[in-house]
Amino acid sequence: MKWALVLSGGGARGLAHIGVLKILKLWGLRPDIVVGTSMGAIVGGAFACGMEPEEMEKFMVEEFDLHKYLDSWIMKLEGGTFVKIIKAGDVLQALWRSTAVDSGRKALKLLRKFTSNKKFSETEIPFACNAVDLLSGKEIVLNEGRVAEAVRASISLPAVFAPVNYGEMLLVDGGLANNAPVWIAKKMGAKRVLSIMVSKFDNVPKQELRNGFDIFLRSTEITANALRARTRDNRSVLEVLAYDGTEVLDFGRNKELIRLGEEALLASKLEVMRWFGRKRFWFFNI
């Protein structure tokens with residue numbers, strides 16, 4: 001029976017997906033299909049193209065520096081209140097002149113490296129990701145052409161990364177419409193779906209909505225959660241939550257976030273065993 005792994009979006013939180021992949025590998029469980037959204041598309045796409053989770057972990061913990069993969073000097077500014085005021089003004093000017101603060105060109109180079117610049121037809125595991133077409137307002141399934149280009153579209157958070165021209169469409173972050181596109185996995189033939197969520201929808205205190213960016217992210221979470229609630233199917237989907245409240249752009253805790261994914265799946269071991277319909281796994285005592 002085919003089963004799929006669906007990896008949600010969540011910025012830095014999505015590094016937990018690497019930990020999930022490590023445990024699945026330890027347990028000898030390899031998905032037949034992988035589907036991802038935004039950060040989940042990065043991890044899922046790289047995995048489907050043959051990158052091992054240990055390789056991802058090594059890169060993210062030892063080599064990754066967010067600033068190296070942004071081409072806008074505005075995004076790289078750090079400092080106190082005065083710098084933040086300057087930055088805010090420059091961001092507004094950048095958005096007035098262009099479609100986003102960052103073009104995403106350097107991010108695309110990294111994605112090509114992660115995916116070995118493979119086409120969807122060349123992946124080791126069938127893979128798809130989603131995006132949203134700004135022109136039609138529809139959720140789009142991306143499963144043709146180069147994986148890196150599709151993933152680049154799936155991570156295009158409005159105002160942060162420029163939208164991607166994709167045929168006749170103009171694509172942005174898939175999480176805006178559906179942060180856990182289980183339906184795509186089922187359309188690809190999956191009978192069961194293991195869905196890893198790295199974002200938790202709950203009430204938030206007013207003080208957490210400190211600026212326009214916080215309000216924008218919260219608005220997208222509300223929209224995505226409403227859709228997920230309407231389409232959720234508990235009969236064939238097992239959902240595992242790997243979440244500790246880390247902010248979306250906090251890439252300063254990469255090792256801890258990867259470990260969080262490991263711990264979340266280990267804590268759900270018995271549920272996973274029952275879900276796969278097996279009475280006993282060889283990894284029972286891990």
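Contact here means heavy atoms within 4.5 Å. In this predicted model, residues 24 or more positions apart account for 75% of the protein chain's contacts with a separation of 6 or more. The chain is built from eleven helices and ten strands. Of its 286 residues, 51% count as buried, and the accessible surface comes to about 14400 Å², with 54% of that belonging to carbon and sulfur atoms.

Now for the inside. In soluble globular proteins, nonpolar side chains tend to be buried together. Here the largest nonpolar core takes in 67 residues, and Leu142, Val151 and Leu194 are the ones that touch the most other members. Helix 2 (residues 39-48) supplies the largest share of this core, seven residues. Once neighbours within four places in sequence are set aside, Leu142 still has a good list of contacts, including Phe120, Cys129, Tyr166 and Leu171 as well as Ala128, Ala131, Ala150 and Ala153. Another core, of eleven residues, lies apart from the largest one; Val6, Val182, Val193 and Val237 are among its members.

On to the rings. A search of the whole structure turns up five aromatic pairs. In one of them, Phe64 and Phe251, the ring centres are 5.5 Å apart and the planes sit at 50 degrees, so this pair counts as tilted. Phe64 lies in the loop between helix 3 (53-63) and helix 4 (73-76), while Phe251 lies in the loop between strand 10 (237-241) and helix 10 (254-267), so the pair links parts of the chain 187 residues apart. Phe64 is buried, at 17% relative accessible area. Ring pairs also tie Phe64 and Phe251 into a cluster with Phe59 and Phe114. Elsewhere, Arg192 puts its charged end over the ring of Trp275, 5.7 Å from the ring centre.

That leaves the charged pairs. Side chains of opposite charge can pair when their charged atoms come close. The structure holds eleven salt bridges. One of them joins Glu262 to Lys22, with the closest N and O atoms 3.0 Å apart; this pair bridges helix 10 and helix 1 (residues 16-26) across 240 residues. Glu262 is buried, with a relative accessible area of just 8%. Helix 1 also carries Lys25, whose partner Glu54 is in helix 3, 29 residues away. Their closest N and O atoms are 3.1 Å apart. Lys25 is partly exposed at 44%, and Glu54 is likewise partly exposed, at 34%. Arg30 and Glu124 meet in another salt bridge, at 3.7 Å from N to O. Salt bridges with shared partners gather Lys22, Glu57, Arg259, Glu262 and Glu263 into one network.

Technical notes
Residues are numbered from 1 along each chain as its sequence is written. This is a predicted model: local features need pLDDT of at least 70, side-chain atom pairs count only at pLDDT 80 or more; totals for chains, interfaces and linings use all residues. Side-chain values use heavy atoms; hydrogens and water are left out. Rings of Phe, Tyr and Trp (its six-membered ring) pair if their centres lie within 6.5 Å; planes under 30 degrees apart count as stacked, over 60 as edge-to-face and the rest as tilted. Helices (H or I, at least four residues) and strands (E, at least two) are DSSP runs, numbered from the N terminus. Buried means under 20% relative accessible area, exposed over 50%, partly exposed in between (1.4 Å probe, protein chains only). A charge sits over a ring if NZ of Lys or CZ of Arg is within 6 Å of the ring centre and within 35 degrees of the ring normal. A nonpolar core is a set of buried Ala, Val, Leu, Ile, Met, Phe, Trp, Tyr and Cys residues joined through side-chain atoms within 4.5 Å. Accessible areas come from the Shrake-Rupley method with a 1.4 Å probe; for residues, only the protein chains shown count as cover. A salt bridge is a side-chain nitrogen of Lys or Arg within 4 Å of a carboxyl oxygen of Asp or Glu.
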